Amino acid sequence: MPADLLNGFRVLDMGSGISAPWCAKILADYGAEVIKVETPGSGDLARRMGPFAGDDPNPEKSLTFLYLNTNKKSVTLDPSSVSGRKLLHRLVADADALVENYPPSVSKELGLDYASLSAVNPGLVVTSIAPFGQTGPYHDYQATDIVTYALSGLMYHSGDSDQPPLRNVLDQSFYVAGANGAAATQIALFARLSSGEGQHVDVSAAECLGAHLVQPLPYYNYMGAVKGRRPVRGAGFEELMPARDGYVAPSVQGSRPWEVIANLIGLEELLDEKFSTGAGRVAHGEELKELLTKGLAQWDRMPLFLASGEARLVFGMAQDAGDLVNCPHLEARDFFVEVDHPVVGQAKYPGMAVRLPGEPLTASQPAPLLGQHSSEIFVQELGYSAEDLVSLRQLGVI
Amino acid sequence: MPPALSEQAPLKNIRVLDLSRVFAMPFAGANLADLGAEVIKIDTCQTQFMDTTRTITGPFPDNEPGERWWEQGGTFQNLNRGKRSLTLDLRNEESQQIIKDLVSICDVVLENFTPRVMARFGLDYASLKAYKPDLIMVSNTGYGHSGPWSNFGAMASALEPTHGTGAFMGYMEPGPEGRLVEGDVPNKMGNSYSDFLASWTALGALMASLLRRSRTGQGQWIDLAMYQTGTSVIGTGLLDFAFNDRRTQRIGNRHPFLSPHGVYRCQGHDQWVAIAARDDADWVAICRAIGQPELTSDARFADPIARRQHQETLDEIISAWTSGQTSYQVTETLQTAGLPAGAVLTAKQALTDPQYIERRFFETVHNPPEVELRDKGYVGRGWKFSKSEARIKGPAPQLGEANEYVLGELLGVDQTRMKAFAEDWTIGNLPEGGGAPGSVPLDEQVEIGSIVAYDADYLNLLQSE
């Protein structure tokens, strides 16, 4: 059972890839009924994105697709055909929100622009997510995650100062855009409670990331300073440092006296007075880094992390996918959900980011097969006959 | 001064009590203020307990903390724009009672104390719900309010590797025969990435809760663990472990399937451009755009599989072409050819970037003269509404500017009590104890690497654009 927060809302997910599907998944996890509207034949682009379960490039086995589309239904229709558009309008008439991430020029061609859709349902909230939004000189720019991250101004600050700017492999721009899209869609639904009207929400992935510039921006417009990537010099705190079985992130933050940190790491030389202030740690950075390296080499990641937490320090540790899937803390919080999919079988999927005490945990309906719910929605809800479906299929509309 | 409200502000009737500090929840609160909510920030006169963005984060105008330094921090201003400020001293019971009284007339509470602290203050959700049965509250912590790590503190910089993003981020390392291989050292998005994931997640969860409250009258407690927020955005990687037993992927800026894909050096100091080929058609277009059409028939680059095998050679060819041009020139040439390419902008470049300018992303804020801040641009948000209003409503509040309004007008505290509060520094407009934070000269900051460079004439540079 899904959470009840958005019970009664119906959302059409016309998205493909990551940003709009992630937006719609967040809404689905809060309890909205989400119907994916996919292109007949090929479906959501994510169905062709690797990696795949068992490295088998089958459109029902894309791991990105499987993750981003749990708790949704799927119908297929071709919005560029006359009959397909008629079907779409029937769906639009009953929906509260529609989320899409076609390139701006394409969404107009397909009749997914706000003017066309609001003529069918004036109460509809239409959320369009694009790398640079619907307007401005870059609105038709071609973009992937790395290009969006670059032009947002955020990528410049990722990585090491003596190396090129660095991205995360897992397309983070589009997750940030999707999370923003979910918030903005709901804000528009909330506004509808008093206005009675829907509206268009124009989400720019680059701007969602640009909003993170709350430090680099004032560095420049307050004092002309260009903030860059993390310096490679320094004492090793707030950095990834080798421990015995991997990397840890020792931290001086957390407002605890230096001796607590020195005692935790457990190397007597660290107790030297000269390391006890921030200025002292900068001045004696190299020496401190050497001692820190020596101290951390006696620790495994987890015991150090736990001892830091007990000492009210805020050390981190580098965890990989296996560590997280087997994390006792996440297990105690019921974070992972068992999802059973007809093609790939059962696995532990990450659940909702938030815990909502009193609400059911993350629902565990598997991602839909392409067009799995076409007859349920078209026949049972919209009143098409089984014969109608056959003729639509022959026309290639569904 | 209360911000002017428009009928089109979606949250115009919502009042928010913002007990939060530092980045994540204060920024969520700032976004609520942009949407028209009345957001009351709980401040304190006791310098040692102040929000650290008021005290040490900076940056200060021209790197000089002014006479009223606690109002001036640039990051503080970005994160707290449009809010009101009430000072209290949460260590005393009277202040704790005022919070409870205030909760009874608020819709939303934001806080990011550890569970231990909130319980000690008697401000946990169960206690506050008694004052406001349909209260919606976000408790943002590193690890959440349940589970064995629930009392552990956390900061974004150390949390990021813990929540696993570092498993999918890292430079490649030299391997056999001059080839680069997957790296061992995790890296970080940096720039407090985890904090912002929490801001956006909180905003979404709050709106879902407000929509439900309007339907059923129920409140909601939102137990937001930044550890989980960070883990939820790497779902593909976690499923790759579940199905294929893969644990990490540290391949620099390369793509597991596409090629070429990376950032390439351009003219100027530390200037780069990102380029990605999505398919073979893009590859052909790249060859033509860089004036080397003969590469399209080079067997080493015939398809993405071959190109990934010869990525080092390919990157050299592309770098040789980009390095003589500015990142904007490369962007323009490749985008004109229909290719995904984009300059890696610094914040300086972002401030004058045509896309950001045309969409009015940076919003100018005017501070009153006593704060001694010139009018400047602040970050907006990544969404525009065709009808609703979302804009920065005003500057960050001066310390305790709403003491009279909140205590006197909203809660009816009488003047005698107000006087007593002022005498023991529970309320006030000045910091108690501690002086202005020090500032490190910009030359020295360049030297230690905390900044790349600085422009002494930045004001003219920004104006001339």
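**Exercise 1.** In which sense do strand β1 and strand β2 of chain A pair, and over how many bridges?

Solution. The model is predicted.
- Step 1. Locate the strands: β1(A) covers residues 10–13 and β2(A) covers residues 33–38.
- Step 2. Read their pairing: the two run in the parallel sense, with four bridges.
- Step 3. Pick one bridge: Val11(A) has Val34(A) in β2(A) as its partner.

**Exercise 2.** Place β1(A) and β2(A) in their sheet, and state which strands form the edges.

Solution.
- Step 1. Trace the order: β3(A)-β2(A)-β1(A)-β4(A)-β5(A)-β6(A)-β14(B), an open sheet of seven strands with mixed pairing.
- Step 2. Find the strands that pair on one side only: these are β3 (72–76) of chain A and β14 (383–385) of chain B.
- Step 3. Check the twist: on average, neighbouring strands of this sheet are turned by 20 degrees against each other, direction ignored.

**Exercise 3.** Which strands do helices α3 and α7 of chain A lie across or touch?

Solution.
- Step 1. Take α3(A), residues 82–93: this helix lies across β1, β2 and β4 (97–100) of chain A. Its direction is at about 165 degrees to β2(A).
- Step 2. Take α7(A), residues 172–195: this helix packs on the sheet and touches β4, β5 (125–130) and β6 (200–204) of chain A, along with β14 of chain B. The angle between the directions of α7(A) and β5(A) is about 160 degrees.

**Exercise 4.** Where does chain A contribute a strand to a sheet with strands of chain B?

Solution.
- Step 1. Follow the order of the sheet: β13(A)-β8(B)-β5(B)-β4(B)-β1(B)-β2(B)-β3(B), open, seven strands, mixed pairing.
- Step 2. Name the edges: β13 (354–355) of chain A and β3 (84–87) of chain B.
- Step 3. Examine the join between the chains: β13(A) and β8(B), residues 220–225, run antiparallel and share two bridges. Val354(A) has Leu224(B) as its bridge partner.
- Step 4. Add the helix: α8(B), residues 193–216, packs on this sheet, touching β13 of chain A and β4 (108–111), β5 (136–141) and β8 of chain B. Its direction makes about 160 degrees with that of β5(B).

**Exercise 5.** How many residues link β11(A) to β12(A) in their hairpin?

Solution.
- Step 1. Locate the strands: β11(A) is 336–341 and β12(A) is 345–350.
- Step 2. Read the pairing: they run antiparallel and are joined by six bridges, with Val339(A) partnered by Ala347(A).
- Step 3. Identify the connection: the hairpin passes through three residues.

Definitions and conventions: Residues numbered from 1 in each chain as written. Chains lettered and ligands numbered in written order. Predicted model: local features only at pLDDT ≥ 70, side-chain atom pairs only at ≥ 80, totals over all residues. Pairing = 2+ DSSP bridges. Axes fitted to C-alpha atoms, helices over the stretch in contact; angles between N-to-C directions. Contact = placed C-beta atoms within 7 Å.
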